[in-house]
Amino acid sequence: MLSFFKKIINKTQSVKPQDAGDSLEIEKKTGLEPVIYTRSEHNISRNQISSNALKVLYRLKNEGYEAYLVGGCVRDLLLGREPKDFDVATNATPEQVKQAFRNCRLIGRRFRLAHVFFGREIIEVATFRGSSENVSDLQKVDQDGRLLHDNYYGTIDQDVIRRDFTVNALYYNIKDFSIVDYVGGMHDHRAGVMRLIGDPETRYREDPVRMIRLVRFAVKLGFSINAECEKPIFQLADLLANIPVARLQDETLKLFLSGYAVETFEMLRHYGLFAHLYPVAEKSLSSEESGFPKLFIIKALENTDKRIAEGKSIAPFFLISAFLWDAVKTQANLNVAQGLPESVAFQQAASQVISLQVKSTAFPKHIGVAMREVWGLQARFQSRNGARAYRLLGHPKFRAAYDFLLLQAETGGADPELAAWWTEFQVASEAGKKKLLASLTKSSPRKRRRRRKPAENKKQND
Ligand code: ATP
Ligand code: MG
């Protein structure tokens, strides 16, 4: 939530007032009366709410403010899932929140948010954002209808219509433990439907990232997508090109780390969204031959989902390196054809592909470094003689590179025997390792070339 607010208000492009049609739509919405679901009409119990979030809610209430849980945590609690974090919305200003808590820090320059710290847990407290009056002044949009900033305080009924989906716009009121629903969110929740608040096209234009969020939530929650909300995506997917790459970074990483990466990938491609996030990969996919590289990418996605299901950690660079692998190989071949030596051609290809990719979705430098390592190590798996094999085993990225090799072997991109050899080698005892290396020298066609080495060394030593 923080990143959304922070990033959306940092835009400085030229502004054009929103047209009258849009503002009418918004004014009409704010006139809505909420439906209140009393404690007995919903399943959220206080036992499921973080005790720190409860402390914040009660403190605000006792100070005389309105205080609600809002957004993803309410949505997840209704589904009986454990929320990732708890966000609070209030009518107290950030300064008032700060006064109420010693362990509080204000963040964000233009739209200020309060972070209340409890050890490692942070409860984010946002003041209701306003929007209904003088929409054209308050919600500036660019020529595509994109919101440029969004930083005025308001009331709960104004706050609600700026949220993205109805199921993300339910408020849990600490005063009486009821759920306050202005937008039919409870109904959609029960029906399992993702629906944007307001006119879908306008809302996508205001913030095209909502198209990606729609896919993420639909897949993660197993919800269907309302037909009216689905239609405009095919035409509007291009608007993602206007989103600053750094903003896309957070949302894209979340996309594939929710445990449903395969489904997410398929749905993003269906709507033409994937092409905007990973154009390099989309190009490889559209030129695919006999299921490759799609098979490889799908395997990498399946592998990610499996690891998440097993509670294992996930390194974001791994998937991205799988997305881009085919392009790196193709580019390396082109570079070789232009006369570059193989290893230089490969290094350059890696740089070329990475710099193309970061034009669409940025990632931190360390991710690029890790990807290059994993790619580079693929060639080193081939040369296994003696010390080299041991050195490779000790490489910090050995594990990831080995997983990458396995995926390749499973999908026809690498020799399965090579992968099997490394599988054995890494777990073998010292004696077993020696035996594996010896078996290699016996059968390796490079035996003769390697034999020359001691003589060469001898010469150097002489
Ligand atoms: P997650 O479980 O992934 O954190 P979430 O719904 O909490 O899901 P956040 O990105 O943390 O997602 O955002 C919190 C809330 O802020 C959302 O539930 C929604 O109400 C609002 N929000 C976030 N991003 C947008 C956006 N792009 N447009 C409108 N509202 C948004
Ligand atoms: Mg959240």
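## A hairpin, two helices and a ligand site

In the hairpin of β9 and β10, which leaves 4 residues between its strands, Phe177 takes a positive phi near 60°. The model is predicted, so to speak of local features pLDDT must be at least 70, and side-chain atom pairs count only at pLDDT 80 or more, while totals for chains, interfaces and linings use all residues. Residues are numbered from 1 along each chain as its sequence is written, chains are lettered from A and ligands numbered from 1 in the order in which they are written, and side-chain values use heavy atoms, with hydrogens and water left out.

The protein has 24 helices and 12 strands. Helices (H or I, at least four residues) and strands (E, at least two) are DSSP runs, numbered from the N terminus. Of its 462 residues, 51% count as buried; buried means under 20% relative accessible area, exposed over 50%, and partly exposed in between, with a 1.4 Å probe and protein chains only. Among contacts between residues at least 6 apart in sequence, 69% join residues at least 24 apart, a contact being heavy atoms within 4.5 Å.

**Strand β10**

Strand β10 covers residues 178-181, and both of its faces are covered: Ser178 and Val180 are buried on one side, Ile179 and Asp181 on the other. In a regular strand the side chains alternate between the two faces of the sheet. Two strands pair if DSSP finds at least two bridges between them. The pairings of β10 are listed here.

| Partner strand | Sense | Bridges | Bridge partner of Val180 |
|---|---|---|---|
| β1 (residues 35-37) | antiparallel | 3 bridges | Ile36 |
| β9 (residues 170-173) | antiparallel | 4 bridges | Tyr171 |

**Helices α17 and α19**

Ser321 sits in helix α17, residues 316-337. Ser321 is buried, with a relative accessible area of 0%. A polar atom of the Ser321 side chain lies 2.7 Å from the backbone oxygen of Phe318. Such a polar contact is a pair of N or O atoms within 3.5 Å; within protein, one must be able to donate a hydrogen and the other to accept it, and residues adjacent in sequence count only if both atoms are side-chain atoms.

Beyond its neighbours within four places in sequence, Ser321 is in contact with Met371, Val374, Trp375 and Phe404. The C-alpha atoms of Ser321 and Arg372 are 8.1 Å apart, although 51 residues separate the two along the chain.

Helix α19 spans residues 365-380, and its buried residues pack against α17, α18 (342-357), α20 (387-393) and α21 (398-410). Among the buried residues of α19 are Met371, Val374 and Trp375. What span should the 16 residues of α19 have at 1.5 Å a residue? The expected span, 1.5 Å times one less than the number of residues, is 22 Å, and the end C-alpha atoms are 23 Å apart, which agrees.

**Ligand 1**

Of the 18 residues around ligand 1, Arg75, Asp207, Arg210, Arg213 and Arg216 come nearest; a residue is near a molecule or strand if one of its heavy atoms lies within 4 Å of it. A polar side-chain atom of Arg163 lies 3.0 Å from an oxygen atom of ligand 1, and one of Arg210 lies 2.8 Å from a nitrogen atom of the ligand. Taken alone, ligand 1 exposes 590 Å², of which the protein buries 97%. Accessible areas come from the Shrake-Rupley method with a 1.4 Å probe, and for residues only the protein chains shown count as cover. Helices α4 (72-78), α10 (209-221) and α12 (245-255) each give two or more residues to the shell, with the largest share, 5 residues, from α10.
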